[in-house]
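This briefing concerns the pockets of one protein and the surroundings of its ligand. Please view the structure below alongside the points that follow.

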Amino acid sequence: MPDAAKAALAARLRARIAAEGPISLEDFWQAAMTDPDGGYYTQGQPIGGDGDFTTAPEISQIFGELIGLWLVDAWDRAGQPAAFALVELGPGRGQLMADALRAAALAPEFGRACRLILGEASPTLQATQKNRLPGAAPIWRPNWRQAIEYAGKLPLFLVANEFFDALPIRQYEFKDRAWRERRVGMGAARDGFAFTLADVPQSDVPAPLAVLGAPPEGAILEHGAEQAEVAATIARQIAQHGGAALIVDYGFAGHRLGDSLQALRDGAPADALAAPGAADITAHVNFQSLIDAAKTNGAKAFGPVDQGAFLLALGAEARADALKQKATPAAAAEIDRSVRRLLHPLAMGRLFKALAILPPNASPPAGFQTS
Ligand code: SAH
């Protein structure tokens, strides 16, 4: 992306802070990621290859294939509805969906019943997805809400890998025996941006009871209102019209305190405030808040289960063995390496987790039998 667009975005944020005072991390993050002119995702090619980060579907085709089989199985358990919406939120380069649809082709009726909707903010990534999905005839919506709403009265089958971690959060810090909001204001360094603390009514602080106890001085509380709103919207659609959602991301299973804000620029850790639009900003996903949102909106949640256990239960090793039979020794070694990366607890196997949202009377879907 041209540096001028990023410089202009930084200037707009500085002007806004000068006029309004410090802004929430949520507002800063939103602009840095999705500003139409200078946002990180709006232009550029962040994922894989020469991008800033790589993701499970870019590491191995097995990831998307197993998710495709999970979707066919969920559709089968739902009584094989003759028309349904298949929504992917944040499809990246389209690799997951390409692998999923290839695997799902074993059930041709699934393909015939499927209306594919991709929720993608980035025009650049939309173009990449179009190239990766010839014949799938997807339609695009620029944000998650419009993508889910497109389902209308159809059952909703949804997949989102590393989407929730990209949604903006707020942060609060416990200082002098009260929660203060960590906002983004002006400082000397960091391109002019720096964290400042703002007094806020304690009743406005979305501290879940579990962490309200007696937090230590300096404790950080994170809150992702938009993440919970996405889960609530998915849950309402599925509770009313049926379907199943699979959310995979990195994060933690119960409410907890701690600062998980991180930024990556050119593949290396960076300062989240330093150069809006130039670095990818993410935070760990609080799966408990997604579960809470799903339940209060009439759906049932399963998990989270560790990604490693989930993929193993779906048959990752058998699929790897089948691929290796047709591979050269070098390619077979590469398959082993990539599967190990997805499954191993010290790689992505434990940090990443899967959560499923289903109608209130559903039994556990594939891969969630233990939860
Ligand atoms: N699921 C992909 C990509 C993950 S990166 C993979 O596993 O490889 C995050 C994705 O979410 C990107 O496609 C990005 O453009 C999209 N995205 C980020 N914020 C978004 C938003 N607010 N609305 C819609 N899409 C968004």
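The largest pocket of this predicted model has a volume of about 550 Å³. Its lining comprises 32 residues, of which Tyr41, Gly90, Glu120, Phe163 and Ala166 are the closest to the centre of the pocket. The ligand takes up the space of this largest pocket.

**Lining of the largest pocket**

- Three elements each give two or more residues to the lining of the largest pocket: α2 (25-34), α3 (56-59) and α5 (95-104).
- The largest share of that lining comes from α2, which gives four residues.
- Sorted by class, the lining of the largest pocket holds 16 nonpolar, ten polar and six charged residues.

**Shell around the ligand**

- There are 15 residues around the ligand, and those that come nearest are Thr55, Gly90, Gly92, Glu120 and Asn161.
- By class, this shell has nine nonpolar residues, four polar residues and two charged residues.
- Gly90 and Glu120 belong to the nearest residues around the ligand, and both are also among the residues closest to the centre of the largest pocket.

**Polar contacts of the ligand**

- Gly90 contributes through its backbone: one of its backbone N or O atoms lies 2.7 Å from a nitrogen atom of the ligand.
- Glu120 contributes through its side chain, where an N or O atom is 2.5 Å from an oxygen atom of the ligand.
- Asn161 places a polar side-chain atom 2.7 Å from an oxygen atom of the ligand.
- How much of the ligand does the protein bury? Taken alone, the ligand exposes 570 Å², and the protein buries 97% of that area.

**Second largest pocket**

- The second largest pocket holds about 330 Å³ of space.
- Its lining consists of 16 residues, and Thr54, Glu162, Tyr250, Gln262 and Phe352 are the closest to its centre.
- The elements that give two or more residues to the lining of the second largest pocket are the strands β11 (262-265) and β13 (280-282).
- By class, the lining of the second largest pocket has nine nonpolar, three polar and four charged residues.

**Points to retain**

- The ligand occupies the largest pocket, with the protein burying 97% of the area that the ligand exposes when taken alone.
- Among the residues that come nearest to the ligand, Gly90 has a backbone atom 2.7 Å from a ligand nitrogen, whereas Glu120 and Asn161 have side-chain atoms at 2.5 Å and 2.7 Å, respectively, from a ligand oxygen.

Conventions:
Residues numbered from 1 in each chain as written. Predicted model: local features only at pLDDT ≥ 70, side-chain atom pairs only at ≥ 80, totals over all residues. Heavy atoms only, no water. Near = heavy atom within 4 Å. Polar contact = N/O pair within 3.5 Å; in protein donor to acceptor, adjacent residues only side chain to side chain. Areas by Shrake-Rupley, 256 points an atom, 1.4 Å probe, with all protein chains shown as cover. 1 Å grid on protein atoms, 1.4 Å probe; cavity = no way out; pocket = protein on both sides within 12 Å on 5 of 7 lines; lining within 4 Å. Sits in = over half its atoms within 2 Å of the grid points. Nonpolar A, V, L, I, M, F, W, Y, C, P; charged D, E, K, R; others polar. Points joined across faces, edges and corners; volume = space filled by probe spheres on them.
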